[in-house]
Amino acid sequence: MEPECDKLIMDSINKNYVDMDEYPVTTELQNRCVNMIAHLFNAPLGDGEAAVGVGTVGSSEAIMLAGLAFKRKWQNKRKAEGKPYDKPNIVTGANVQVCWEKFARYFEVDLKEVKLREGYYVMDPVKAVEMVDENTICVAAILGSTLNGEFEDVKLLNDLLIEKNKETGWDTPIHVDAASGGFIAPFLYPELEWDFRLPLVKSINVSGHKYGLVYAGIGWVIWRSKEDLPEELIFHINYLGADQPTFTLNFSKGSSQVIAQYYQLIRLGYEGYRNVMENCHGNAMVLKEGLEKTGRFNIVSKDDGVPLVAFSLKNNKRHDEFEISDMLRRFGWIVPAYTMPADAQHITVLRVVIREDFSRTLAERLVIDIEKVLHELDTLPAKVSAKLAIAEEADAQNGTVKKTDIETQREVMAYWKKYVSERKSNKNKIC
């Protein structure tokens, strides 16, 4: 961030965000941020009407708060109808971030996940709606999957869910997890309908410390209207001075990140954010094209989505993505390699997220270093593959059934993880 913002952060580091009476300006800045973000997400606000939302430590806390609101509203409705309210569930894709699993476990909500499949690494809206039942508190859609940056089809989900609600008499809503994409879609894809323009979208979370361009420690959750946030979840305290409403999992925290978010919103404005996002997208395309020119990779990410490039080897029989990730560290690059969730766990990908400070020059340099790694791997024996081939040949002679591709891939990954772990432990030994 800019030096002026760094100074603001240090000047406000001793200000307690929760003490609204002593630091009323911080509260005002938070409310302004909530209003700006709500308008960015096309919240249906009247003239002079304040948006409903709150600043959080990050999207994890924001998701917890949104989930609690859905759970309490569903429970209240079930109680009023005289129906059981002890088995709430939430429908998501298997590609959700771990905070959704935390919410489900911490607050006793059953998590129903739509499985992925090869070539389709986001939640299928049709399958998601099929899994909805009378105990579903909401369907969670992701605008910018952690795995490949892809935007899920919230518009189709909304339309299918409207039809199901009409048929069943239910009122199942949608939450949009826009942790990564919330500060991207409004600037790069303004015509894309994913936000409060869709009637079933009742709440949205976004991370200020991702593409909101603020240091780590700030997130936001916005509700469509006051009716979507049950009043009994809002606490009122007066021991810090005047009556103060609070709806957060945390209480005391610094004001710095809220002030930093406000600084960025007014400093950059709509045009500034759009320029940053366009630049990130452009650099992602440079990296993607460079990887394609090597002829060695399949691109798993989409052009429209979070500016990142996820890719996998076309042929990983001799060497795999984990080896590439490990060897790139020697050039100073941390490029994670990981397997996809069920039922696409046999697919391994590498992922590069393009941030504001990731320049075109860096993108070109990364491609050059990846080519060096590929050339070096080509000169090395296929240790893992060779051992597996020998084992398969022995199994064939003994009449053992040949392993499937998925089983072979799992053995490769297990062997490589063990190899990397042993190397790291050997480095730490004192000779």
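Accessible areas here come from the Shrake-Rupley method with a 1.4 Å probe. On that basis, the protein chain of this predicted model exposes about 21,000 Å². Carbon and sulfur atoms supply 52% of that area. The chain has 431 residues, and 50% of them are buried.

**Overall make-up**
- The secondary structure of the protein chain comprises 12 helices and 13 strands.
- Take the contacts in the chain with a separation of 6 or more: 69% of them join residues 24 or more positions apart.

**A four-stranded sheet**
- One open sheet holds 4 strands, in the order β10-β11-β13-β12.
- Its pairing is antiparallel.
- β10 (297-299) and β12 (337-339) are the edge strands, and each pairs on one side only.
- From one strand to the next, the twist averages 40°.
- Strands of a sheet pair through backbone hydrogen bonds, in either parallel or antiparallel fashion.

**The β11–β13 pair**
- Strand β11 covers residues 308-313, and strand β13 covers residues 348-353.
- The two strands run antiparallel and are joined by 4 bridges.
- One residue pair can be named: Val 309 has Val 352 in β13 as its bridge partner.

**Helix packing on the sheet**
- Helix α8 spans residues 256-294 and packs on this sheet.
- Helix α8 touches β10, β11 and β13.
- The direction of α8 makes about 15° with that of β11.

How values were computed. Residues are numbered from 1 along each chain as its sequence is written. This is a predicted model: local features need pLDDT of at least 70, side-chain atom pairs count only at pLDDT 80 or more; totals for chains, interfaces and linings use all residues. Side-chain values use heavy atoms; hydrogens and water are left out. Two strands pair if DSSP finds at least two bridges between them. Axes are lines fitted to C-alpha atoms, for helices over the stretch in contact, and angles run from 0 to 180 degrees between N-to-C directions. Contact means heavy atoms within 4.5 Å. Buried means under 20% relative accessible area, exposed over 50%, partly exposed in between (1.4 Å probe, protein chains only).
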